[in-house]
Amino acid sequence: MKIATQTVENSQAVVQIEVEPQELEESLDKAYREVVKRVGIPGFRKGKAPRSVVERYIGRDGLQKEALEDLIPELCARAVEEQKFEIIAQPAIEIIQLDPVIFKATFPLRPKVELGDYLSVRVEPRAVEVTEEQMDSVLDKLRERHAVWAQVDRPAGFEDLVTADIEEETPDGDTRRYEGRQIIMVKESVYPLPEFSEKLVGVSVGEEKEFDLSYPADYKFSELAGKQYKLRVKVTEVKEKRLPEVDEEFVRSLDQGLENVEALRASIAENLTKASEEAAKREHERAAVEALAATATVEFPPILVEQEIDDLMREREMLFRNQGGLEAYLRTMKKTEEELREEFRPKAIERVTHSLVLGKLAEVEGIHADEAEVEGEIDKMCEESGARANDIRRIFDSHEGRHVVENRLVSRKALERLTEIACGRAQQAEPEVPEGKKESEDG
């Protein structure tokens with residue numbers, strides 16, 4: 001074969017390869033011996049037809065296609081060895097011409113990461129503070145969850161719970177009746193129809209009201225857009241929400257083992273503090289990684305971004321699996337799969353970059369995870385998985401599974417080291433030496 005390395009950029013090597021006539025001929029002969037075994041040709045026993053007959057039967061182009069399916073990967077492997085490429089995935093192939101056979105192979109190479117002065121990275125963590133307003137907000141939500149609906153003798157208003165008998169004439173002329181339909185009167189709600197609650201404000205129990213309602217012409221569900229409905233509504237009951245007083249009786253009703261309002265507020269403050277500390281920690285970690293990335297020079301092949309986008313697409317599929325999956329989500333959002341992939345691209349690039357700089361930090365700092373740590377992490381995962389413990393053990397006891405856990409632990413350690421540096425609490429560390437290597441050196 002003849003090789004011409006055209007470019008090496010973005011951690012990709014683009015190589016043009018011309019197949020030598022002898023190489024192609026040998027590959028064609030090999031392809032013929034495989035094809036003749038499985039293709040039935042009239043007048044010949046299977047496996048006995050001459051190559052010339054096989055070529056006429058399936059066409060030389062067909063035989064050449066069979067030959068190139070084996071030859072191209074073989075030549076790519078030789079190119080990798082000759083050029084000493086460090087590839088991370090199979091190349092993308094583009095056939096340039098067939099006589100002679102010339103193809104282009106784009107090899108994704110190992111990313112290149114150079115950290116700057118990472119020990120000078122400084123990011124101040126956000127101060128954690130819990131305010132009285134935050135505690136009051138939690139209390140209000142608790143009161144909302146324990147509110148009761150009480151019947152009132154007045155016209156309906158917003159935030160009331162209205163019970164009504166509804167007769168609805170659809171755009172198709174069908175009539176539907178609903179007795180005892182309960183509706184919470186929410187301003188600007190589209191349930192059960194846009195402006196329905198607004199039409200019932202001021203209507204008293206026993207009173208009937210007729211009105212027409214339409215969906216907007218640009219409504220997100222096209223099958224309803226612009227459709228008009230005629231309604232006759234009779235209100236049969238109006239209830240208002242009554243919130244409980246915050247007193248000892250309310251506190252005990254929460255069944256949290258608390259006796260008074262002071263204890264409840266203290267518990268709320270503690271929970272808010274923990275949540276705020278965790279959020280502040282995550283924000284600090286993210287800011288520190290962004291600061292680290294800003295010091296670094298990072299180059300990686302586009303395939304890593306595409307793989308990350310694939311992961312993001314799978315995450316979205318899982319998120320909406322109970323609502324019809326990704327296809328239903330795309331229909332609702334009026335987007336194509338390609339449009340969603342492009343939306344994910346900036347996030348994918350960021351995730352790849354952050355992962356690479358953290359990996360480089362671990363390498364520079366000599367951070368590793370030993371077998372005992374990996375085993376401990378798998379044990380912890382099994383304990384937390386309950387009934388699925390055996391499945392988790394089977395997955396992560398494999399070589400690939402343990403490697404995933406090891407990488408996760410190393411990333412976690414690297415992130416911890418980075419946040420120490422960012423806070424100015426870390427001095428330059430000596431690289432860690434795995435136990436086995438240390439013992440051999442001591443010996």
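Is glutamate 365 buried or exposed? In this predicted model, glutamate 365 counts as buried, at 4% relative accessibility. That makes a good place to begin a tour of the structure.

**Pairs of opposite charge**

Side chains of opposite charge can pair when their charged atoms come close. Glutamate 365 takes part in such a pair: it forms a salt bridge with arginine 417, and the closest N and O atoms are 2.7 Å apart. This pair links distant parts of the chain, with glutamate 365 in helix α10 and arginine 417 in helix α13, 52 residues apart. Arginine 417 is buried as well, with a relative accessible area of 10%.

The structure holds 48 salt bridges. Here are three of them, with the N to O distance and the accessibility of each partner.

| Acidic partner | Basic partner | N to O distance |
|---|---|---|
| Glutamate 365, 4% | Arginine 417, 10% | 2.7 Å |
| Glutamate 25, 35% | Arginine 51, 16% | 2.7 Å |
| Glutamate 342, 39% | Arginine 345, 22% | 2.9 Å |

Look next at glutamate 25 and arginine 51, whose side chains meet in a salt bridge. Glutamate 25 sits in helix α1 (residues 21–38) and arginine 51 in helix α2 (residues 51–58), so this pair ties together parts that are 26 residues apart in sequence. Glutamate 25 is partly exposed, whereas arginine 51 counts as buried. Both also belong to a network in which salt bridges with shared partners join Glu25, Asp29, Arg33, Arg51, Glu55 and Arg60.

The pair of glutamate 342 and arginine 345 lies within one helix: the two are three residues apart in α10, separated by about one helical turn. Arginine 345 counts as partly exposed, and glutamate 342 is partly exposed too.

**The largest pocket**

Helix α10 turns up again here. The largest pocket has a volume of about 1600 Å³, and 37 residues line it. Which residues lie nearest its centre? They are Ser355, Leu356, Leu358, Gly359 and Ser411. The elements that give two or more residues to this lining are β5 (112–114), α7 (261–295), α8 (302–319), α10 (337–365) and α13 (399–422). Of these, α10 provides the largest share, with 12 residues. By type, the lining divides into 17 charged, 13 nonpolar and seven polar residues.

**Around strand β3**

On the surface you can find a nonpolar patch formed by Ile93, Ile95 and Leu98, with about 240 Å² of accessible area together. Isoleucine 93 belongs to strand β3 (residues 92–98) and is partly exposed, with a relative accessible area of 37%.

Follow the chain onward to a cis peptide bond that joins aspartate 99 and proline 100, with omega about -5°. Proline 100 lies in the loop between β3 and β4 (101–108). Another cis bond runs from tyrosine 191 to proline 192, with omega near -10°; proline 192 is in the loop between β8 (175–184) and α5 (196–200).

**Two positive phi angles**

Where does lysine 84 lie? Its place is the loop between α3 (60–83) and β3. Lysine 84 has a positive phi of about 60° although it is not a glycine, and it is exposed, with a relative accessible area of 71%. Serine 11, also not a glycine, has a positive phi of about 55°. Serine 11 is in the loop between β1 (2–9) and β2 (12–18). With a relative accessible area of 2%, serine 11 is buried.

Definitions and conventions:
Residues numbered from 1 in each chain as written. Predicted model: local features only at pLDDT ≥ 70, side-chain atom pairs only at ≥ 80, totals over all residues. Heavy atoms only, no water. 1 Å grid on protein atoms, 1.4 Å probe; cavity = no way out; pocket = protein on both sides within 12 Å on 5 of 7 lines; lining within 4 Å. Points joined across faces, edges and corners; volume = space filled by probe spheres on them. Helix = DSSP H or I, 4+ residues; strand = E, 2+ residues; numbered from the N terminus. Nonpolar A, V, L, I, M, F, W, Y, C, P; charged D, E, K, R; others polar. Patch = residues over 30% accessible without salt bridge, like charges linked within 9 Å, V, L, I, M, F, W, Y side chains within 5 Å. Areas by Shrake-Rupley, 256 points an atom, 1.4 Å probe, with all protein chains shown as cover. Buried < 20%, exposed > 50% of the residue type's maximum accessible area, 1.4 Å probe, protein only.
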